[in-house]
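Thanks, everyone. Let's look at how two parts of one protein sit against each other. Here it is on the screen.

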Amino acid sequence: MAPPALDSLPLETRCPPFPLRQYKGFWLPEVTLTAGVPGLRACFRPRPTDVLLASFPKSGTTWLKALAFAARNRAAHPPSDADHHPLRRSNPHDLVRFLEVEFALVESAGGLRDEFEALPSPRMFATHLPYSLLPERVTAGSRIVYVCRDPKDALVSSWLFTKKYWEESVRRPDKVLFLRYEEMMLAPRSNIKRLTEFMGCGFSGEEEEEGGAVDAIVELCSLGKLKNAAVNQSGRGKLPVDNEAFFRKGGAGGWSDHMTPEMAQRLDEIVDDALQGSGLAS
Ligand code: A3P
């Protein structure tokens, strides 16, 4: 994809930290359009064993990265040994990288190459890109986990974007796993089991489950534990955002502190309209 001419695209500057441009129906950071997506399309070579964690911002991305990383690497890094776990030393965004951010960083350093090529399989990445902007070789070949969240607690504009992943998860359940933040809150254990089975690293019943591996991952990746890790209380990783900014209050229904019932009702109506017939409405 040739980078689009930014000047011709609608601009939104009220959503810091990045200026956004509207492209093919989605608001995306300018650098994603000029460097991230073109680099990804030009260089990235997906592998059948790749797992891609996809989300709209503020929908539980950081949590899902922590859970998937902890679950997949539980043999090398036992979650029960929390004090020595990589999640104690690194923010989840530095353990599971955003594809489009990485390609944008490489481009700004003057290159066009696939930094992920050197990683051993099975690899795990994340993306905030909508399904329709991912290269077809990625959507065709990789397993995708999508987490969504009540838009009143995230952003209502996520729904059209979300719908595409939902449809794919219904059409190809072996390739796209659809998670809901609220359900993960209510039942973290069963959702971690779904996640590991989908990623091809399910728990062995007796040895692991009864040994507490699932509970250890839930605990290791809890908001309180991640938020209190020294690495997440100051500084930045590779993303241009402070590590602490990813951990606030969490949970479901916090929107009611910031929205009137009328605003909530209006948003519910918009969401219901957008989701009609999709099977995704709650
Ligand atoms: P709140 O702002 O409602 O507290 P993202 O990771 O996609 O940017 O989403 C951020 C939201 O997920 C924030 O929600 C943040 O507090 C919450 N969050 C971060 N880590 C979490 C965890 N381990 N468990 C549950 N929620 C978490």
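How many residues of domain 1 are in contact with domain 2, and how many residues of domain 2 do they meet? The answer is 49 on the domain 1 side and 43 on the domain 2 side. Keep in mind that this is a predicted model.

First, the layout. Domain 1 runs over 6-147. Domain 2 covers 164-255. Their centres, taken over C-alpha atoms, lie 16 Å apart.

Now the area. An interface is often sized by the accessible area lost when the parts come together. Here, domain 1 and domain 2 bury about 3800 Å² between them. Carbon and sulfur atoms give 68% of that. On the domain 1 side, W63, R74 and Y131 lose the most area to domain 2. Together they make up 20% of what that side buries.

R74 comes up again. Its side chain meets that of E208 in a salt bridge, 2.7 Å from N to O. How many salt bridges cross the interface of domain 1 and domain 2? The rule finds 1. Polar contacts across that interface come to 16 residue pairs.

So what does domain 1 bring to the contact with domain 2? Several helices and strands supply at least two residues each, among them strand 4 (51-55), helix 5 (99-108) and strand 6 (143-148). Helix 2 gives the largest share, with 9 residues. Helix 2 spans 61-72.

Last, the make-up by class. The side of domain 1 that touches domain 2 has 28 nonpolar residues, 12 polar and 9 charged.

That's the tour.

Methods: Residues numbered from 1 in each chain as written. Predicted model: local features only at pLDDT ≥ 70, side-chain atom pairs only at ≥ 80, totals over all residues. Heavy atoms only, no water. Domains from an automatic or database assignment. Contact = heavy atoms within 4.5 Å. Buried area = accessible area lost by both parts, 1.4 Å probe. Salt bridge = Lys/Arg side-chain N within 4 Å of Asp/Glu carboxyl O. Polar contact = N/O pair within 3.5 Å; in protein donor to acceptor, adjacent residues only side chain to side chain. Helix = DSSP H or I, 4+ residues; strand = E, 2+ residues; numbered from the N terminus. Nonpolar A, V, L, I, M, F, W, Y, C, P; charged D, E, K, R; others polar.
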